[in-house]
Amino acid sequence: MDNWGHAPGTAGMGRRRFLGYVLAASTLTVAAELGEAVLAPEEAAAVVPSVPGPAEIYDLNDMLTDAALPTANLITIRIDSDGTASFGLPRAEVGQGITTSSAMLIAEELDLPLDRVRVTLADARPELLFNQLTGGSNTTISTFTPIRVAAAVARGRLLRAAALELGEALGTLTAKAGVITSSATGRSLTYGELAEKAAAVTSSQVSVALKEAAEFAVIGTAQRRIDARDAVTGRKKFAMDLHIPDALPTMVCRPPTINGTVRSVDNPAEVRAMPGITDVVAVSTGVAVRGRTFGQCIDAVRALKVTWGPGTADAHSDDTVRDELREAELPLPALGLLTKSVDARFTFHFASNSALETNCAIADVREDSAEIWGSLKSPITAQEQIALKLGLPVSAVRVHVTEGGGSFGRKLFHDAAAEAAEISKAMGKPVKLMWHRTDDFRQGRTHPMATSRVRATYALGQVLTYDQRHTSVATDFGHGVGEIITAQAARLPVGDLTFSETIFALSQQTPYDFGVVTQVLGETDKGFNTGSMRNIYSPNVRCAQELVVDELAKRMGKDPYRFRRDFLKDERARAVLDKVADVGNWGRAMPAGTAQGIALHPEYHACVAVLAEIDCRPETTGRTVRDAYTGPRVTKVVCAVDVGLAVNPRGLEAQMMGGIMDGIAITLSSGLHLDHGHFLEGSWDNYFYTRQWNTPPELEIVVMPPTTGQPGGAGELAVAGAAAAVACAYGRATGTMPTSFPLNHGGPLGFEPLPTTPPIPASPTDGLDRAF
C-alpha cells in the first residue's frame with residue numbers, strides 16, 4: 001500500500017488512488033482518508049553528494065503535515081441543497097489567502113465554479129488534535145490532498161446518484177460547473193438537486209482518483225481572492241466587528257514595564273463614576289475598565305491611579321541584553337593553522353510582529369460555560385488552557401475563530417482571549433477587549449533579540465567549514481503544535497530549550513556545499529514576552545549567512561552571484577538564482593553609493609531568490625542612516641519563487657510582496673528600543689515599518705513553472721531572502737559589511753517616546769470613541 005492506501009500494480013488503476021469517506025448526513029457530506037496507510041513514507045530519494053542537515057531530510061513542515069494526517073477524515077465538505085459546497089477550514093485566515101486557495105482545491109476536484117464554494121473558519125475542535133494549527137507555512141501543504149480527496153469523493157457520489165436518478169450508465173455522465181449531464185440523452189441534474197439523494201445513511205469508505213496536473217482547470221490559475229470585495233467594502237467581519245449581546249468595549253491599564261504587577265488601585269470608585277464606565281477590576285495583567293465606548297475606556301485608563309510592582313525585565317536595556325547574549329554564546333570550533341577564515345558576529349534587536357489588527361477578543365464567561373471569539377491560530381490550545389484557567393471542562397468552553405487583520409506569528413498566542421476570559425469572569429459580564437496599539441508594542445509579543453556568531457574557513461577555492469552559533473533571548477513556544485500537551489511541554493524548565501532546539505533544527509538549512517556545516521541555537525533570558533515572528537529564526541540566521549557568503553566571495557575574488565551558483569546544492573535553487581540575476585540585470589553598472597545585493601533562501605520544500613538594489617547616497621535620498629525616519633532606500637526588488645506547485649499564483653505573488661516588505665523593514669528600520677524594562681516605541685508613527693518612500697518603485701515577482709506535483713510553503717518564504725538581499729546590497733554599496741540590525745537602531749531615535757504611565761496617547765484616535 002502507498003501512503004494513501006493504494007496497492008501498487010492494482011489492475012485498472014492508471015493513477016494513484018486515495019481513500020475517503022462518505023459520512024452519514026442529511027445532505028452529501030464527505031471526508032478524506034484516516035489511518036496508518038496515510039503515514040507510510042514514500043520511497044526515499046537518492047542520497048545527495050553532500051551531507052544534508054536535519055531540515056533537508058525532515059523539516060518542521062513535514063512534522064506538522066504528518067501530525068495532521070491522522071485526523072484528516074474529520075475535515076469535511078458538505079454539498080447543500082442550493083448546489084453550493086460548504087467547508088469549515090480548520091485554520092486561521094489572517095490575510096494570507098488560504099480561504100481562497102482552499103476553495104480552489106474544492107472547486108477543482110468537485111467541478112464546481114469557485115463562487116459556489118463557501119469557506120468558513122472552523123471553531124476549536126479538540127478532536128482535530130494537531131490539525132488546527134496555522135503556522136510554519138503549512139496550511140496548503142497539509143490540506144492539499146485531504147481537501148481534494150474529500151471533494152473527489154463528493155463528486156463521485158453525486159455522479160452515482162445522478163446515474164440512479166436518470167437511469168443511465170455512469171460512464172455516460174459528465175460533471176461540469178455543478179451540473180451532471182448525460183452524453184446519451186442530454187438530460188441533466190444540478191448538484192443541489194442531488195445533494196439529498198447522494199447523502200448516506202451510514203458512513204462508508206470509498207476509493208477515488210484525483211485529477212492529474214494536466215487536467216487542472218482551477219489549480220495553478222491566477223484567481224482573485226474570494227473575500228476581496230468584503231475586505232474593500234468593509235463587510236468583512238473581524239472580532240471587533242461582531243455584535244455579541246451585552247459585550248461592551250473593554251481596555252486594560254497596563255504596567256509601565258514588561259510584566260509589571262498591580263500593587264494597588266487608588267481611585268477605582270472615582271473612575272467607575274466616569275461617563276459610560278460600568279466596571280473597574282484588577283486582573284493579572286493590569287486594571288481592566290469596561291464602558292459604552294472605547295473612547296470612554298481610554299479616558300478611564302488615563303484617569304486610573306495605580307501603584308505598580310516590578311516586572312520581569314526592569315533592569316534590562318538593549319546593551320545589557322546584548323552583553324548577556326554574548327556571554328551565553330556557544331564556542332566555535334578551533335581554527336586550523338593552514339586555513340583562512342571569515343569571522344563575524346551579528347546583532348538583531350527586538351522587533352514587533354506589526355499586525356495591523358491589534359490584539360483583541362470577545363468573551364462571555366458564565367458560571368458553567370464560556371464563549372470566546374477571536375482570531376486564533378492555535379484555537380485548541382486556547383480552548384484547553386482557558387478552560388483550565390476558568391475551572392471548566394473543555395466541552396463547556398466554545399471558541400469561535402474569526403478572521404484576523406494580520407498575524408505574522410502574533411496570533412499563535414491567545415493572550416487577548418485568555419485576558420478577555422479572565423476579565424469577563426471577574427466582572428460577571430461579556431466584554432469586547434481591545435489592546436491599544438501601544439499595548440501591542442510595549443506589552444505584546446516580540447521577536448527576540450539575538451546574536452549570530454559565524455565562522456567560515458576556506459582554502460584553495462573551496463569553503464571547508466561553516467559554523468554558526470545563534471544565541472537568542474528565549475522564544476516562547478507556549479502554543480505548542482496546536483494542543484495543550486505540547487504547549488505545556490514547551491514551558492517546562494528543560495522542555496522549553498529542547499522545543500526551541502527542535503524547531504531550530506527543523507527549520508534551518510544551508511543551501512550551499514560548504515564542507516562541514518554546523519548551526520546551533522542557544523537561548524538565554526526568559527523575562528520577555530516573545531513569539532515566533534514570521535519566518536521564526538530564518539531572517540536573522542539567513543541574513544548572517546548571506547552576508548558571510550558575500551564576504552567569502554570577495555576574499556576569494558569571485559562575483560557574489562557566480563560564487564553562490566557554484567556552491568549551490570540544488571537545481572531548483574540554482575534556477576531561481578539564475579532567474580533573478582537575469583531579470584534583475586545582475587552586475588549592471590551603478591553609481592557609487594548604490595549597489596545590488598542577491599540572496600537565496602530555501603524553506604519547506606520551496607525556495608526563493610531575491611535581488612535588491614539600494615541607494616545609500618544622502619544627496620539623492622536626502623536621508624542618512626543615523627536618522628530613524630531616514631536611511632538607505634531600496635529602489636528595486638526582483639524575486640523568483642519556486643513553491644513546487646503554486647495553487648494560486650496571484651496569491652503567491654501577494655505573499656512574496658508582503659514578505660519582501662517585511663524583509664526590507666527588519667533590515668533597515670523596524671526594531672524596538674529597550675530601556676530599563678520597557679520599549680520606547682508606542683505607535684506606528686515611531687515604529688518604522690517599511691514606509692511608502694522605502695517601498696521599491698520597481699518590484700517584480702517571477703513565479704517559476706511547476707517543478708513538483710505538490711505545493712511548498714510560501715507564507716514566510718520571502719522574508720529571509722529579502723532581508724538578506726537588502727543587507728548584502730547595503731554592504732556592497734557602503735563597502736562595509738553591516739553587523740547590527742535594523743541598520744538605524746544605533747542612531748538617534750527620531751521621535752519623542754510616549755510616556756510609560758499610562759502607556760497610551762492623550763486623546764482617543766482612530767475612531768475608537770464610537771459606541772457599540
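Is Ser500 buried or exposed? At 1% relative accessibility, Ser500 counts as buried, since the cut-off for buried is under 20%. The legends below start from this residue and then move on to other sites in what is a predicted model.

**View 1. Ser500 and its surroundings in helix H15.** Ser500 sits in helix H15, which runs over residues 495–507. Once neighbours within four places in sequence are set aside, Ser500 is in contact with Thr475, Phe477, Leu521, Glu523 and Tyr537. Two of these partners, Phe477 and Tyr537, return in the next view.

**View 2. Phe477 and Tyr537, a tilted ring pair.** Searching the whole structure gives 15 aromatic pairs. For Phe477 and Tyr537, the ring centres are 6.4 Å apart and the planes meet at 50°, so this pair is tilted. Distant parts of the chain are linked here: Phe477 belongs to the loop between strand E23 (462–473) and helix H14 (484–489), while Tyr537 belongs to the loop between E24 and H16, 60 residues apart. Phe477 counts as buried because its relative accessibility is 2%. Tyr537 is buried as well, with a relative accessible area of 3%.

**View 3. A cluster of aromatic rings.** Elsewhere, look for Tyr466, Tyr512, Phe514, Phe563 and Phe567, which ring pairs link into a cluster. When you inspect rings like these, keep in mind that a pair is described by the distance of the centres and the angle of the planes.

**View 4. Asp525, a buried acid without a salt bridge.** Asp525 lies in the loop that runs between strand E24 (516–524) and helix H16 (538–555). Which side chain of opposite charge is nearest to Asp525? That is Lys526, 9.2 Å away, and buried Asp525 has no salt bridge. The side chain of Asp525 does have polar company: it makes a polar contact with the side chain of His316 at 2.6 Å. In addition, the backbone nitrogen of Gly527 is 2.7 Å from a polar atom of the Asp525 side chain. Not counting residues up to four places away in sequence, Asp525 touches His316, Glu324, Val473 and Ala474.

**View 5. Arg542 and Glu546, a salt bridge within helix H16.** Arg542 and Glu546 form a salt bridge, with 3.0 Å between the closest N and O atoms. Both residues lie in helix H16, 4 residues apart, or about one turn of the helix. An α-helix has 3.6 residues a turn, so residues three or four places apart point the same way. Arg542 counts as buried because its relative accessibility is 1%, and Glu546 is buried with a relative accessible area of 0%.

**View 6. Arg225 and Asp227, part of a salt-bridge network.** Salt bridges that share partners join Glu93, Arg225, Asp227, Lys236 and Glu403 into one network. Within this group, the side chains of Arg225 and Asp227 meet at 2.8 Å, N to O. Arg225 is partly exposed, with a relative accessible area of 29%, whereas Asp227 counts as buried at 7% relative accessibility. The structure as a whole holds 37 salt bridges.

**View 7. Glu357 and Lys411, a salt bridge between two loops.** The side chains of Glu357 and Lys411 meet in a salt bridge of 3.4 Å, N to O. Glu357 is in the loop between strand E16 (351–352) and strand E17 (360–365), and Lys411 is in the loop between strand E19 (397–401) and H12, so the pair ties together parts 54 residues apart in sequence. Both Glu357 and Lys411 are buried.

**View 8. Helix H12 and the glycine that follows.** The 13 residues of helix H12 (residues 415–427) should span 18 Å at 1.5 Å a residue, and the end C-alpha atoms are indeed 18 Å apart. H12 is mostly covered, with 10 of its 13 residues buried. Among them are Ala416, Glu419, Glu422, Ile423 and Met427. Just after H12, Gly428 takes a positive phi of about 70°.

**View 9. Helix H4 and the aspartate that follows.** How many of the 13 residues of H4 are buried? The count is 13 of 13, and H4 is described as mostly covered. Helix H4 covers residues 98–110, and its end C-alpha atoms are 18 Å apart, in agreement with the expected 18 Å. Just after H4, Asp111 takes a positive phi of about 50°.

Terms used:
Residues are numbered from 1 along each chain as its sequence is written. This is a predicted model: local features need pLDDT of at least 70, side-chain atom pairs count only at pLDDT 80 or more; totals for chains, interfaces and linings use all residues. Side-chain values use heavy atoms; hydrogens and water are left out. Buried means under 20% relative accessible area, exposed over 50%, partly exposed in between (1.4 Å probe, protein chains only). Lys and Arg count as positive and Asp and Glu as negative; His and the chain ends are not counted. A salt bridge is a side-chain nitrogen of Lys or Arg within 4 Å of a carboxyl oxygen of Asp or Glu. A polar contact is a pair of N or O atoms within 3.5 Å; within protein, one must be able to donate a hydrogen and the other to accept it, and residues adjacent in sequence count only if both atoms are side-chain atoms. Contact means heavy atoms within 4.5 Å. The expected span of a helix is 1.5 Å times one less than its number of residues. Rings of Phe, Tyr and Trp (its six-membered ring) pair if their centres lie within 6.5 Å; planes under 30 degrees apart count as stacked, over 60 as edge-to-face and the rest as tilted.
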